Amino acid sequence: MTAETHLQGVEISASQFFEIWHHYDSDGNGFMDGKELQNFIQELQQARKKAGLDLTPEMKAFVDQYGKTTDGKIGIVELAQILPTEENFLLFFRCQQLKSSEDFMQTWRKYDSDHSGFIDSEELKSFLKDLLQKANKQIEDSKLTEYTEIMLRMFDANNDGKLELTELARLLPVQENFLIKFQGVKMCAKEFNKAFEMYDQDGNGYIDENELDALLKDLCEKNKKELDITNLATYKKSIMALSDGGKLYRAELALILCAEEN
């Protein structure tokens, strides 16, 4: 079955949802934009018509919002909100625990308990189980394992069997995913280490809130196209959610600013 055929379904399974996303996110950057988004909208309308189904109110609002613009961008969350997806799987994208970047960072810190910089399959399974429990939903362990595997297939961009911070951040709505802004300003390991030492002015091995403020102000000034200084407080609050009692250590800041593996 093709991705377009899946769009005809009254309810889409988790596996079918993955196939649809993988098909239309043809460049694998984690978003549908430009021609990808326009192709999806066109084929969604055609598939529903072919199946004798009207667009749902959510689909119609989506088409009205993105159908006439070439600069729109959606992530997996936005797609999940318009497709008639299997209920339990959909909860992962609607969970109130991940309603902002700050909430997401705090959640990441909880599940990356060993500060490895990634979440492995077992940690991801625990993460998904907790999300369902918060939504008062119980599912069989076999189904949870299936969802874990699908989530890895969806988000594991480099296919290493684990999720990095920026990969799991795709659970956030596009407008809340502030990490997108930092993709264009990441440094190599050497540059990052030099910057960390420069802003860790007292040399205590971590950056506090004031030192982070100075670092981000300079980044905003140097990268005005990617970073908006009016959002400085939001950037800082989200990043400090990774800190240990106000102490932002090198490994945690590297998740945001360092382009190489740490």
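Reader: At what angle do helix α12 (residues 189-199) and helix α15 (residues 250-257) pack?
Author: Welcome! This is a predicted model, where local features need pLDDT of at least 70, side-chain atom pairs count only at pLDDT 80 or more, and totals for chains, interfaces and linings use all residues. Residues are numbered from 1 along each chain as its sequence is written, and side-chain values use heavy atoms, leaving out hydrogens and water. The axes (lines fitted to C-alpha atoms over the stretch in contact, with angles from 0 to 180 degrees between N-to-C directions) of α12 and α15 lie 11 Å apart, and the two helices (DSSP runs of H or I, at least four residues, numbered from the N terminus) pack at an angle of about 125°.

Reader: How is α12 placed relative to α15?
Author: The angle between α12 and α15 is about 125°. Angles under 35 degrees count as roughly parallel, over 145 as roughly antiparallel, 65 to 115 as roughly perpendicular and the rest as oblique. That is why α12 is, relative to α15, oblique.

Reader: Which residues of α15 make the contact with α12?
Author: Contact means heavy atoms within 4.5 Å. From α12 come Phe192, Asn193, Phe196 and Glu197. Their partners on α15 are Arg250, Leu253, Ala254 and Leu257.

Reader: How many nonpolar residues does the contact of α12 with α15 have?
Author: Ala, Val, Leu, Ile, Met, Phe, Trp, Tyr, Cys and Pro count as nonpolar, Asp, Glu, Lys and Arg as charged, and the others, Gly among them, as polar. The contact of α12 with α15 has one polar and two charged residues. The number of nonpolar residues there is five.

Reader: Thanks! Roughly what angle do helix α7 (residues 101-111) and helix α8 (residues 121-134) cross at?
Author: The axes of α7 and α8 come within 10 Å. α7 is oblique to α8, and their crossing angle is roughly 130°.

Reader: How many charged residues are in the contact of α7 with α8?
Author: α7 brings Thr107, Lys110 and Tyr111, while α8 brings Glu123, Ser126, Phe127 and Asp130. By class, two of these are nonpolar and two are polar. The charged residues number three.

Reader: Within what distance do the axes of α8 and helix α9 (residues 141-155) come?
Author: α8 and α9 cross at roughly 115°. Their axes come within 9 Å.

Reader: And how many nonpolar residues does the contact of α8 with α9 have?
Author: On α8, the contact residues include Leu124, Leu128 and Leu132. Those of α9 include Leu144, Tyr147, Met151 and Leu152. Alongside three polar and three charged residues, the count of nonpolar ones is seven.
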